[in-house]
Amino acid sequence: MFFLYYHTIIFKVMSIYKANHKNILLAADEIKRGGLVGFPTETVYGLGADGMNSTAVAKIFETKNRPTFNPLILHINSVEQLDNIAQINSPKTNVLINNFWPGPLTLVLKKKECVPDIVTAGNDTVAVRMPANNTALELIYRAGTPIAAPSANVFGKLSPTTAFHVEEQLGNKIDVILDGGKCKVGVESTILKISENEVILLRPGGLSIEKIETALNEKVIRENISEEIISPGLLKSHYAPEIPIRFIDDINLDDYTNQNVGALLFDRNSYNFDFKEIKYLSKNGQLREAAANLFVYLHEFENANLDLIVCEKINPEGLGNAIMDRLKKAVNKYS
């Protein structure tokens with residue numbers, strides 16, 4: 001009895017496991033048992049459960065304090081797995097799959113009856129993607145099921161791009177976190193809704209709209225006028241640090257002279273102000289590097305004893321669109 005108790009305590013404390021074959025099998029067994037697993041993707045770390053098990057999926061909402069009206073993404077490792085859960089009603093879907101999967105692209109498609117309503121928040125569509133991360137793909141394969149997974153954070157807080165970020169927010173609530181290093185993309189996937197006649201952007205993300213439009217040879221509708229919550233990323237406020245954050249152009253810095261202010265700048269400092277700390281998203285001015293650093297730096301600011309974070313607005317082109325989307329949603333929490 002003592003040994004079992006001792007073993008359980010050790011297991012809970014040692015929740016981070018190197019993402020090797022042995023530990024991926026351990027995580028897959030946890031998924032099969034209806035448990036939760038933190039795992040890396042190329043975008044951010046996900047909080048995964050068996051996407052076909054309603055009870056397991058319910059644990060995601062409970063663990064994250066996530067509202068159940070906010071749908072989840074099902075992660076798959078093959079097109080054959082897609083055929084089991086969704087209907088492909090447009091050749092545009094195949095174009096996008098052939099060009100961008102595996103990768104940071106989520107497609108909202110008509111669901112099949114086997115997909116639990118809790119995954120889709122009762123909608124007749126399901127959000128699906130195939131991650132470009134070998135750990136994630138092997139985990140899905142070994143678990144033998146699509147894995148439902150939002151970002152592995154408390155709802156509304158910063159998305160995790162390292163295993164440590166996951167442990168910081170959820171480490172006492174889940175048993176297995178697979179450590180695959182820092183996420184390469186660093187922002188969540190781009191989400192598109194596909195119909196026979198049009199392609200609608202629901203959330204900008206790690207794949208630029210410009211690349212999508214080139215592949216499709218048509219314009220993507222960038223304004224989602226529907227108020228239906230049919231995928232993640234449609235809420236006005238999200239992805240926010242615990243410290244207030246404002247756009248630097250929207251305030252008078254002189255009003256904060258006696259406060260500890262951190263600045264999240266793109267590549268240089270052109271402001272005459274004594275910031276307590278400055279972080280540059282990319283000193284080389286590269287949007288890919290900026291996206292990868294965004295959540296990492298915001299996490300670091302949370303531990304820097306600041307009164308305020310100020311950030312620059314980013315030109316909303318390419319990955320800049322995704323960066324601005326995340327910054328706007330963070331700022332909206334404090335507007």
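**Figure 1. The whole chain matches the globule estimate for its length.** A compact globule of 335 residues would have a radius of gyration near 20 Å, and the protein chain agrees, with 20 Å; this radius is taken over C-alpha atoms, and the globule rule is 2.2 Å times the number of residues to the power 0.38. Please keep in mind that this is a predicted model, where local features need pLDDT of at least 70, side-chain atom pairs count only at pLDDT 80 or more, and totals for chains, interfaces and linings use all residues. Residues are numbered from 1 along each chain as its sequence is written, and side-chain values use heavy atoms, with hydrogens and water left out. Along its principal axes, the C-alpha trace spans about 65 × 55 × 35 Å. The chain carries 11 helices and 15 strands, which are DSSP runs numbered from the N terminus (helices H or I, at least four residues; strands E, at least two).

**Figure 2. Burial and contacts in the protein chain.** Of the 335 residues, 57% count as buried (under 20% relative accessible area, with exposed meaning over 50% and partly exposed in between; 1.4 Å probe, protein chains only). Among contacts (heavy atoms within 4.5 Å) with a separation of 6 or more, 68% come from residues 24 or more positions apart.

**Figure 3. The N-terminal stretch, residues 1-13, has pLDDT below 50.** The chain as a whole averages a pLDDT of 92, and 94% of the residues score at least 70; pLDDT is the predictor's confidence in each residue, from 0 to 100. Residues 1-13 have 5 contacts in the model beyond near neighbours in sequence. Where pLDDT is low, the predicted coordinates should not be read in detail.

**Figure 4. A cis peptide bond joins tryptophan 101 and proline 102.** If you like checking torsions, omega here is about -5 degrees. Proline 102 sits in the loop between α5 (91-100) and β6 (105-111).

**Figure 5. Asparagine 65 has a positive phi.** Its phi is about 60 degrees, although the residue is not a glycine. You will find asparagine 65 in the loop between α3 (54-64) and β4 (73-75). With a relative accessible area of 54%, asparagine 65 is exposed.

**Figure 6. Asparagine 305 also has a positive phi.** Phi is near 55 degrees in this residue, which is other than glycine. The loop that holds asparagine 305 runs between α10 (287-302) and β15 (308-311). Asparagine 305 counts as exposed, at 59% relative accessibility.
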